[in-house]
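Subject: Structure handover

Dear colleague,

Here is the structure I said I would pass on. My notes on it follow below.

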Amino acid sequence: MRDSFDIAGRQVGAGAPCYIVAEAGANHDRDFYRAKQLIDVAAEAGCDAVKFQTYTGSDLYSKFTPPFEYLKDISTEPPAQLLDRIALPQEWQPRLKDYADFVGITWFSSPFDFDAVDALETVGVPCYKIASFEILDLDLVRKCASTGKPLIISTGMATLGEIEDALGVCESEGNDRVALLHCVSSYPASPHSANLRAMETIRRAFGVPTGFSDHTLGIVIPIAAAALGADIIEKHFTVSRNLKGPDHPFALEPNELKAMVEGVRAAEAALGDGRKRGPTAEESGEMYTMARRSIVAKSDIPAGTVITREMLTSKRPGYGIKPKYIRWIVGRVAKRDIKEDEVITEEMI
């Protein structure tokens, strides 16, 4: 497995900037113009990619599956019926990808069955995303891996052994371009469940680009993930949380998505290279001279006086002799009158 690869020419992993995926999910509400609006929002926020989902409810759920409890305030439909109602029409996909290309953002989707992969191959997506719930469907993973395109695999609820199984399938297809996303499959997920340090466990275990697919509310947790070195961040977004639908309530609104991207970029810039240096370029100006301490006369010291420790103290500013040399000054003779509170320099003694 590789520690980096590219998606549509953008490097992912191995020290490259965090790859930010705006997850549209079902928040298009089966409205083509809203789907285009989501692409605009993701591009304007500065995301690297916008991702949709390709499925049919009847292929995902048995018709006998009861409604989800967590969606009871949104829908009491059986999951198969609900998902069929909100699914992205596949005939929109080529048009949406063309539009994303036009506005300058990468477009791809999460396939949930073989037909979805075939349709996305026709569209020409640059990579595939495997949702957490599908990591156990090794045939689907194999189908995606067999295209030779990069895979991003979410690992919510998965054990290390199950992750290893999925990676093994990719390797058997000769596909070593795989990234893994730590994820908590709860909607919304609580901050205390995020366990962001699991990203490093996954990275050390499998040696692949590693990131975080976030379902918490707000932007704090994904920014924290970036500060811990996430190679990829995925986050649900919407044009408005007031809209009806299963993915709107925990998604970011446009201004929040933009703030998240800015926060991620600031966090990764703040990481630096880990070397502890002396004053930085920013610190070398006024703060260095005015806010550090020097040795200062605690009282008047007439010329010719042998200086004692009691005559000295340390105060700001910092353009005099450093306080650590105070013992070097004790016992020396003042060359000129030194006034109380005057900063002492070498020329004075």
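Please keep in mind that this is a predicted model. I start with one helix, then go on to the sheet, a glycine in a loop, and the cysteines.

Helix α8

The buried residues of α8 make contacts with four elements: α7 (160-172), β8 (178-183), β9 (210-214) and α9 (220-227). Helix α8 itself spans residues 198-206, and its buried residues are Ala198, Met199, Ile202 and Phe206. These residues lie on the same side of α8, because they cover an arc of only 110 degrees around the axis. The general background is that an α-helix has 3.6 residues a turn, so residues three or four places apart point the same way. After α8 comes Gly207, with a positive phi near 65 degrees.

The sheet

Eight strands form an open sheet with parallel pairing, in the order β5-β4-β3-β10-β9-β8-β7-β6. At its edges are β5 (106-111) and β6 (128-130), each of which pairs on one side only. From one strand to the next, the twist averages 25 degrees. Two of the strands named above, β8 and β9, are also among the elements that the buried residues of α8 pack against.

Within the sheet, β3 (residues 19-25) and β4 (residues 49-54) run parallel and are joined by four bridges. Gly25 stands opposite Phe52 of β4. As general background, strands of a sheet pair through backbone hydrogen bonds, either parallel or antiparallel.

Gly9

Gly9 sits in the loop between β1 (4-7) and β2 (10-13). Is Gly9 buried or exposed? Gly9 is exposed, since its relative accessible area is 65%. Its C-alpha atom is 10.0 Å from that of Thr106, although the two residues are 97 apart along the chain.

Cysteines

How many disulfides does a search of the whole structure find? The search finds zero. For Cys47, the closest cysteine sulfur is that of Cys18, and at 10 Å it is too far for a bond. A disulfide would need the two sulfur atoms within 2.5 Å. Cys47 is buried, with a relative accessible area of 8%. Cys144 is in no disulfide either: the nearest cysteine sulfur belongs to Cys170 and is 8.6 Å away. Cys144 is also buried, and its relative accessible area is 0%.

Regards

Technical notes:
Residues numbered from 1 in each chain as written. Predicted model: local features only at pLDDT ≥ 70, side-chain atom pairs only at ≥ 80, totals over all residues. Heavy atoms only, no water. Pairing = 2+ DSSP bridges. Axes fitted to C-alpha atoms, helices over the stretch in contact; angles between N-to-C directions. Buried < 20%, exposed > 50% of the residue type's maximum accessible area, 1.4 Å probe, protein only. Arc of directions from axis to C-beta. Contact = heavy atoms within 4.5 Å.
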